[in-house]
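Please work through the exercises below with the sequence and the model open side by side. Each task is followed by a solution that goes step by step.

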Amino acid sequence: MDCLFCKIVAGDIPSTKVYEDEYVYAFKDIDPQAPFHAIVIPKEHIVSADMINEQNSHLVAKVFEAIAKISKQENLENGYRVVNNCGKDGGQTVGHIHFHLLARRNLQWPPG
Ligand code: 5GP
Ligand code: ZN
């Protein structure tokens with residue numbers, strides 16, 4: 001499948017791994033927006049948050065289980081932000097659902 005993040009999961013495109021388990025892969029963003037910026041994805045291809053359903057929602061739960069583990073692994077005790085961009089107006093540029101994990105700076109709200 002011609003999907004950038006599926007190729008990263010397969011190891012066909014190199015990435016800096018942050019975390020991996022049976023369901024989830026997390027890697028450093030190539031263009032970090034915070035001192036710590038990881039992309040957390042289900043290994044299974046889901047296009048976007050708009051495609052979450054009863055059959056695949058357990059994979060989103062696995063993503064958030066992984067995020068809580070990464071938080072401990074990376075000592076993100078000051079907190080972090082999880083961002084999902086969905087679709088064109090949401091700013092999604094890669095068509096494989098992903099969650100940005102941003103930390104180590106004081107993130108502003110609202111994001112704009
Ligand atoms: P989006 O804009 O779709 O929410 O997020 C896509 C993210 O993937 C961006 O933050 C972008 O920097 C990151 N990205 C795009 N291509 C690559 C790549 O080849 N490797 C890595 N590590 N990150 C990428
Ligand atoms: Zn994919």
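The exercises that follow treat a metal site, the cysteines, a ligand site and two further residues.

This is a predicted model, in which local features need pLDDT of at least 70 and side-chain atom pairs count only at pLDDT 80 or more, while totals for chains, interfaces and linings use all residues. Residues are numbered from 1 along each chain as its sequence is written, chains are lettered from A and ligands numbered from 1 in the order in which they are written, and side-chain values use heavy atoms, with hydrogens and water left out.

**Exercise 1.** Determine which atoms coordinate the zinc ion (ligand 2), and state why the arrangement is called tetrahedral.

Solution. Step one is to list the donors, which are N, O and S atoms within 2.8 Å of the metal (3.2 Å for Na, K and Ca), bearing in mind that water is not among the atoms, so sites may look incomplete. The zinc ion (ligand 2) is held by the SG atoms of Cys-3 and Cys-6 and by the ND1 atoms of His-45 and His-96, at 2.0 to 2.3 Å. Along the chain, these donors follow the spacing C-x2-C-x38-H-x50-H.

Step two concerns the angles: four donors count as tetrahedral if all angles lie between 85 and 135 degrees. Because the four donor atoms around the zinc ion (ligand 2) subtend angles of 106 to 117 degrees, the arrangement is tetrahedral. For comparison, the ideal angle for four tetrahedral donors is 109.5 degrees.

**Exercise 2.** Establish how many disulfides the structure holds, and decide whether Cys-86 is buried, partly exposed or exposed.

Solution. A disulfide is taken here as a pair of cysteine sulfur atoms within 2.5 Å, and the structure holds zero of them. Cys-86 is accordingly in no disulfide, the nearest cysteine sulfur being that of Cys-3, 15 Å away.

For accessibility, buried means under 20% relative accessible area, exposed over 50%, and partly exposed in between (1.4 Å probe, protein chains only). Cys-86 has a relative accessible area of 31% and is therefore partly exposed, whereas Cys-3, at 5%, is buried, and Cys-6, at 18%, also counts as buried.

**Exercise 3.** Describe which residues are closest to ligand 1, and then place His-100 within the structure.

Solution. Ligand 1 is surrounded by 16 residues, of which the closest are Asp-29, Asn-85, Thr-93, His-98 and His-100; a residue counts as near if one of its heavy atoms lies within 4 Å. Polar side-chain atoms approach oxygen atoms of ligand 1 from Asp-29, at 2.5 Å, and from His-98, at 2.8 Å. A nitrogen atom of ligand 1 is 2.9 Å from a polar backbone atom of Lys-28.

His-100 itself belongs to strand S5 (residues 99-103), and with a relative accessible area of 13% this histidine is buried.

**Exercise 4.** Work out where Asn-56 is found and which backbone atoms its side chain reaches.

Solution. Asn-56 is in the loop between strand S3 (36-42) and helix H2 (57-73), helices (H or I, at least four residues) and strands (E, at least two) being DSSP runs numbered from the N terminus. Its relative accessibility is 9%, so Asn-56 counts as buried. The side chain of Asn-56 reaches the backbone oxygen of Met-51 at 3.1 Å, and a polar atom of that side chain lies 2.7 Å from the backbone nitrogen of Asn-53.

**Exercise 5.** State where Ile-41 is placed, and whether this residue is buried or exposed.

Solution. Ile-41 is in strand S3 and is buried, with a relative accessible area of 0%. The C-alpha atoms of Ile-41 and Ser-57, 16 residues apart along the chain, are separated by 13 Å.

Methods. Tetrahedral: all angles 85-135°; square planar, octahedral: opposite > 155°, others 65-115°. Polar contact = N/O pair within 3.5 Å; in protein donor to acceptor, adjacent residues only side chain to side chain.
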